[in-house]
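Biologist: I'm new to this one, and I'd like to understand the reasoning as well as the results. Could you show it to me and let me ask how you know each thing?

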Amino acid sequence: MASALTVDGVKKIFGRNTVVDGVSFTVEPQEIMGLVGPNGAGKTTTIRMALDIIRPDAGSVALFGSAPNRQALQRVGYLPEERGLYQKSALSDVLRYLGRLKGLSAKAAQSRSDAMLQRVGLYEHRAKKVQALSRGMNQLAQFASALLHQPDLVILDEPFSGLDPLNVQVMKEIIHEQQQRGAAIIFSSHNMEDVEEMCERVVLVSGGNVLLYGALDELKRARGIQNIRVTAPQQPADVPGVSHAKVEDGYFEYLLTEGTDPNAVLRSFLDTGIPVERFEVALPSLRDMFIEEVSRARGA
């Protein structure tokens, strides 16, 4: 089975600025791929090249194994960061119209519009003009419109923007439903905790370049063990191999220097007779890796 999306060495230059410089990654069916990076990293430009909105100056893009074309693009659902629904039209009319643009029959557009509005909790607001909806409702409505035609590739750019925790949970459930249906999903967000929860693989872009790419668990393990958390009533006067220590309510967190055996930290407690209630070895978080890689790329 062909990859849902293949981005191969794409490059984009605007004037004297190279916005994307040799970015490559793939997105496979039934996976959620995290696309992350700081503001101005080139993420949105990469997405626009994937959707054939703009053409790369070098490299190539393939949708479902072939160059982007009308048929392939009909299989894509896109939630942009900027909202773009018709503000002066009724919500149900807008969704039916967008469904028709994606090739649905009038009957299918109506039934799927109703079903999606029910699913995101907006059915009772279907007769309202889009401009009368709250920011969160607008986001849910645009999310619903991106899924009407049951796309095989879903691209979500900051999907949780403006949503309360309850609706974030609803959207997460729907995203996983789309994954179980077989769709490939690109999840782009500045919230590293959400990306870490939702995604199996990630691609980190900064300054138009790929800094990290691969399975999240493998990327973490490749960095080795960095953090130790010990729950104990006190800590020894000397803990070996620690570059930074943080004292929290009820536990101590240590950042290990390179090559330090975590068991040496545990022995320092036991040798001094301090009872240890809990000892945890923690791999670096995506947020930690993000900060480290982007800082290094910027020479910080």
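Biologist: Which residues of α3 are buried?

Modeller: Keep in mind that this is a predicted model. In α3, the buried residues are Leu91, Ser92, Val94, Leu95 and Gly99. They cover an arc of only 160 degrees around the axis, so they sit on the same side of α3.

Biologist: What do the buried residues of α3 pack against?

Modeller: Their packing partners are α4 and α5. After α3 comes glycine 103, with a positive phi near 95 degrees.

Biologist: Why does serine 145 count as buried?

Modeller: Its relative accessibility is 12%, and buried means under 20%, so serine 145 counts as buried. Serine 145 is placed in helix α5. Leaving aside residues up to four places away in sequence, serine 145 touches Leu85, Leu95 and Leu98.

Biologist: And what makes histidine 125 buried or exposed?

Modeller: The 20% cut-off for buried applies again: histidine 125 has a relative accessibility of 12%, so it is buried. Histidine 125 is found in the loop between α4 (106–119) and α5. With residues up to four places away in sequence not counted, histidine 125 touches Leu91, Leu133 and Met137.

Biologist: Why is leucine 266 called partly exposed?

Modeller: Partly exposed lies between the 20% and 50% cut-offs, and leucine 266 has 21% relative accessibility, so that is its class. Leucine 266 belongs to helix α9 (residues 262–271) and touches Val276 and Phe279, not counting residues up to four places away in sequence.

Biologist: How far is leucine 266 from arginine 126, in sequence and in space?

Modeller: Leucine 266 and arginine 126 are 140 residues apart in sequence, and 60 Å apart in space from C-alpha to C-alpha.

Biologist: How do you know that the length of helix α10 agrees with what it should span?

Modeller: Helix α10 (residues 286–297) has 12 residues, and at 1.5 Å a residue they should span 16 Å. The end C-alpha atoms of α10 are 16 Å apart, so the two values agree.

Biologist: Which residues of α10 are buried, then?

Modeller: Leu286, Met289, Phe290, Glu293 and Val294 are the buried residues of α10. Because they cover an arc of only 115 degrees around the axis, they are on the same side of α10. Here is the general background: an α-helix has 3.6 residues a turn, so residues three or four places apart point the same way.

Biologist: What lies against the buried residues of α10?

Modeller: They pack against β3 (32–36), α7 (192–198), β8 (201–206), β9 (209–215) and α8 (216–222). Just after α10, glycine 299 takes a positive phi of about 75 degrees.

Biologist: What is notable about the phi of aspartate 52?

Modeller: Most residues other than glycine have a negative phi. Aspartate 52 is not a glycine, yet its phi is positive, about 60 degrees. Aspartate 52 lies in the loop between α1 (43–50) and β4 (58–63). With a relative accessible area of 23%, aspartate 52 is partly exposed.

Biologist: And what about the phi of phenylalanine 64?

Modeller: Phenylalanine 64 is not a glycine either, and has a positive phi of about 55 degrees. The loop between β4 and α2 (70–73) holds phenylalanine 64. At 16% relative accessibility, phenylalanine 64 counts as buried, since buried means under 20%.

Biologist: Let's turn to the pockets. What is the volume of the largest pocket, and which residues are closest to its centre?

Modeller: The largest pocket has a volume of about 470 Å³. It is lined by 18 residues, and the closest to its centre are Tyr78, Pro80, Leu98, Lys102 and Ser145. At least two lining residues each come from β5 (76–79), α3 (91–101) and α5 (135–147). By class, the lining of the largest pocket has 12 nonpolar, five polar and one charged.

Biologist: What makes up the lining of the second largest pocket?

Modeller: The second largest pocket holds about 150 Å³ of space, and its lining is Asn227, Arg229, Glu253, Glu280, Ala282 and Asp288. β10 (227–231) and β13 (278–282) are the elements that give two or more residues to that lining. In the lining of the second largest pocket, four residues are charged, one is polar and one is nonpolar.

Definitions and conventions:
Residues are numbered from 1 along each chain as its sequence is written. This is a predicted model: local features need pLDDT of at least 70, side-chain atom pairs count only at pLDDT 80 or more; totals for chains, interfaces and linings use all residues. Side-chain values use heavy atoms; hydrogens and water are left out. Helices (H or I, at least four residues) and strands (E, at least two) are DSSP runs, numbered from the N terminus. The expected span of a helix is 1.5 Å times one less than its number of residues. Buried means under 20% relative accessible area, exposed over 50%, partly exposed in between (1.4 Å probe, protein chains only). The arc is that of the directions from the helix axis to the C-beta atoms. Contact means heavy atoms within 4.5 Å. On a 1 Å grid over the protein atoms alone, a cavity is a set of points where a 1.4 Å probe fits but cannot get out, and a pocket is an open set with protein on both sides within 12 Å along at least five of seven lines; lining residues have an atom within 4 Å of a point. Grid points are joined across faces, edges and corners, and a volume is the space filled by probe spheres set on the points. Ala, Val, Leu, Ile, Met, Phe, Trp, Tyr, Cys and Pro count as nonpolar, Asp, Glu, Lys and Arg as charged, and the others, Gly among them, as polar.
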